[in-house]
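Colleague: Could you take a close look at one part of this model for me? I'd like to hear how a pair of its helices packs, and then how that spot sits in the whole chain.

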Amino acid sequence: LLRTPLEEMCLQSKKLGLAPGGQEDPDGVPAFLSKALTPPHEKSITNALELLMELDAMEPETNELTNLGNCLASLSLEPRVGKMVIWSYLLGCSQAASSMGVAMSYKSPFIIPPPHLRQVQNR
């Protein structure tokens, strides 16, 4: 959960029917994610849902996935990058955009130190 973008978790929980309700409902995405062993901060969940609404992946009133949201949930990409890849396919420049999408979703191995260095830092 900590290494997966929260937007992807919101999309997946809606697509799999684990959080069918709206944002304020007891069966909504915030309530579902709050049951995790290490739940994300409420503001982080709100920001993730707002981003999905800005991307038109989720309906603002009902928090239901749109057609774009269903497509983005099927991709294993961060939603902004996924939307870029979908639009590039529609516009006929998918090869270049796919290369950029891969580069944008690459995470540097230097952000999180290796386990033996983390132990040294914790002492």
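Modeller: Sure, and keep in mind that this is a predicted model. Let's start with helix α1, residues 6-15, and helix α3, residues 42-54: their axes are 9 Å apart and meet at an angle of about 70 degrees. Angles of 65 to 115 degrees count as roughly perpendicular, so that is how α1 and α3 lie to each other. On the α1 side, the contact is made by Leu-6, Glu-7, Cys-10 and Leu-11. Helix α3 brings Ser-44, Ile-45, Ala-48, Leu-49, Leu-51 and Leu-52 to it. Sort the residues of this contact by type and you get eight nonpolar, one polar and one charged.

Cys-10 deserves a second look, since it is part of that contact. Its relative accessibility is 0%, and because buried means under 20%, Cys-10 counts as buried. Cys-93, on the other hand, is partly exposed, with a relative accessible area of 39%. As for disulfides, the count is zero, taking a pair of cysteine sulfur atoms within 2.5 Å as the test.

Now zoom out to the whole chain. It has seven helices and zero strands, so reading along the sequence just gives you α-α-α-α-α-α-α. The chain has 123 residues, and 32% of them count as buried. Its accessible surface comes to about 8,300 Å², with 59% of that belonging to carbon and sulfur atoms. And if you take the contacts with a separation of 6 or more, residues 24 or more positions apart account for 46% of them.

Conventions: Residues are numbered from 1 along each chain as its sequence is written. This is a predicted model: local features need pLDDT of at least 70, side-chain atom pairs count only at pLDDT 80 or more; totals for chains, interfaces and linings use all residues. Side-chain values use heavy atoms; hydrogens and water are left out. Helices (H or I, at least four residues) and strands (E, at least two) are DSSP runs, numbered from the N terminus. Buried means under 20% relative accessible area, exposed over 50%, partly exposed in between (1.4 Å probe, protein chains only). Contact means heavy atoms within 4.5 Å. Accessible areas come from the Shrake-Rupley method with a 1.4 Å probe; for residues, only the protein chains shown count as cover. Axes are lines fitted to C-alpha atoms, for helices over the stretch in contact, and angles run from 0 to 180 degrees between N-to-C directions. Angles under 35 degrees count as roughly parallel, over 145 as roughly antiparallel, 65 to 115 as roughly perpendicular and the rest as oblique. Ala, Val, Leu, Ile, Met, Phe, Trp, Tyr, Cys and Pro count as nonpolar, Asp, Glu, Lys and Arg as charged, and the others, Gly among them, as polar.
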